Amino acid sequence: MIGALLAVVRRDLLLAMRQRGDVANVLLFFVIVVTMVPLGVGPDRDMLRLIAPGVVWVAALLSAILSLGRLFALDYADGTLEQIMLSGQPLSLAVLGKIAAHWLMTGAPITALSVVLAMMFDMAAAPSATLVASLLLGTPSLSLIGAVGAALTLGLRGAGVLVTLLVLPLYVPVLIFGAGAVDASAGGVSPGAHLMLLGGLSLAAAALAPWAIGAALRVSVE
Amino acid sequence: MHWASWQDFWAMGGSGRYVWGAYGLVALALATEVMMLRARVRRAREMARRTSDWSKKETQ
Amino acid sequence: MQTQAIRPLKFGLHRFAAPPEFYRLAGRLIPWFGSAAALLAAAALYLGFFVAPTDFQQGEVYRIIFIHVPAAWMAMFIYAVMAFWAGFGMAFNTRMSSMWACAMAPTGALMAFLALWTGALWGRPTWGAYWAWDGRMTSTLILLFLYIGFMALHGAIDDPRRADRAAGVLALVGVVNLPIIYFSVQWWNSLHQGASVSLTRAPSMAVTMLEAMFVMTLAFWMYSIAASLARARAILLEREKRSSWVQAVAQG
């Protein structure tokens, strides 16, 4: 079973690496959006330090949603998705594998990039570390919940914007606890509770989302 | 009843426009919904009637 | 025209899972629910304006809660019911259940919308701001987005059956998330507000105020059922316009 899971992950990673541009674009988007905010609100360091957690997190949400277009659509277009669904393998497994690969290509790099962004906003050491930790714990939720939206909107015209509309409200708890953790850290309070909640949300999503995604895929691929 | 006069009732202690604005909005919204639904059912029936007329014409 | 094997239920209720029966039943029920709504609303208005006393802190403007709170409750309640019927439809593969969920959505969205606006009109004279990002109002706004997402997804899919089922999955995902969203937004708000007062806390309620609110909630509930039944009829006519029973209805 692990073998099948790893096979799916390896395949998706391979395909993503062949189109490295797509992956890089999402990360560029992440950085550019974050850069836009100081240009909009001014370079006052104290204010930027205050808003940094929210800005980075919102940018992470938007980048996650942007990257969802690649999750199922390519396989759906060339019929591979249907093959996966018809093969004897449990659909949840394939879904988890694809999401894991997706996270490795988006959530993980975003988490890594946040170190640099924390410096751009002149964040202190503790909040910076918490930012990285919060993204590490929270981005899996973004991939999992986002995948539900991606599965529901497969093949629809205007799917890109529609997915945003569907998925952003569901992202709110992750955003609140993620940015809240960093805020707590910046205020000298321990972010332990927030981080645990974030982790809990990711675990719950990992447990429940595959069901919803499978149901959504079966609805969309008929 | 504790309104000294109708004036007092409409004034609502100075915040009449907020209170009546709110109630007016709700009444307007619900009335609009009812009207739109009525129109929708009517239109659907009309479409169905036309569909049956067309299919009758085809079989003639 | 496909027919589905309908599992027999007690009292023969299962026959209302068939469109023509549902259409007829809905048509008979709407006037009853509509009248109930009107009567209950009249009673609630009487209680709210002529029985409930002036509030010690907020004066007369608090009377907006007699429509604000019922609207907010109905918005939440309808979403939960919507999700239930969507789930039921998916589990038992009944067309009418999913369609009924879709019929309720616009009314629920309207309730959320009204809750937000009446809340704003209450907030301005009472606490100085139309909108203050407090926990309950922000959660209601997100609920409105969930409704809109549901309707947008449904509208984006051409095939009605696929649309019903996709929106159904979304509603189920939404209803599971809703408590988490409410909790996190409450928490977010308390964190950033510090020690200040909760902005949408109702005045400490006299019994008569609670009565008026309760009766109005019932009125909104009856109204929502009537509106949903009417919309369900319209949807049925639109979707099944080629079938013989609709043609019979259209002619007769």
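Author: A residue is called buried if 20 or more other C-beta atoms lie within 10 Å of its own, exposed if 12 or fewer do, and partly exposed in between, with the C-beta atoms placed from the backbone. By that count, 17% of the 60 residues of chain B are buried, whereas in chain A buried residues make up 49% of its 222 residues. This is a predicted model, in which local features need pLDDT of at least 70 and side-chain atom pairs count only at pLDDT 80 or more, while totals for chains, interfaces and linings use all residues. Residues are numbered from 1 along each chain as its sequence is written, and chains are lettered from A and ligands numbered from 1 in the order in which they are written.

Reader: Why is Val51(C) called partly exposed?

Author: Val51(C) has 14 C-beta neighbours inside 10 Å, which lies between the two cut-offs, so this residue counts as partly exposed. Val51(C) belongs to helix 1 (residues 19-51) of chain C, where a helix is a DSSP run of H or I with at least four residues and a strand a run of E with at least two, both numbered from the N terminus. Leaving aside neighbours within four places in sequence, Val51(C) is in contact with Tyr46(C) and Thr208(C), contact meaning that the C-beta atoms, placed from the backbone, lie within 7 Å.

Reader: What makes chain B more spread out than a compact globule?

Author: The radius of gyration, taken over C-alpha atoms, is set against the globule rule, which is 2.2 Å times the number of residues to the power 0.38. Chain B has two helices and zero strands. Its radius of gyration is 23 Å, well over the 10 Å that the rule gives for 60 residues, so chain B is more spread out than a compact globule. Along the principal axes, the C-alpha trace of chain B spans about 75 × 20 × 10 Å.

Reader: How do you know that chain A is as compact as a globular protein of that length?

Author: Chain A has 10 helices and zero strands. The radius of gyration of chain A is 18 Å, close to the 17 Å that the globule rule gives for 222 residues, and therefore chain A is as compact as a globular protein of that length. The C-alpha atoms of chain A fill a box of roughly 55 × 35 × 30 Å along the principal axes.

Reader: How do you know that the span of helix 3 of chain A agrees with its number of residues?

Author: The expected span is 1.5 Å times one less than the number of residues. For the 23 residues of helix 3 (residues 45-67) this gives 33 Å, and the end C-alpha atoms are 31 Å apart, which agrees. Helix 3 of chain A also bends by about 50° at Ile51(A), with Pro53(A) following within four residues; the bend is the angle between axes fitted to the seven residues ending there and the seven starting there.

Reader: How do you know which chains touch?

Author: Chain A and chain B do not touch, since their nearest C-alpha atoms are 24 Å apart. Of the two pairs of chains in contact, chains B and C share the most contacts, and this contact takes 25 residues from chain B and 30 residues from chain C. In the other contact, 22 residues of chain C meet 20 residues of chain A, and helix 5 of chain C gives the most to the side of chain C that touches chain A, with 13 residues.
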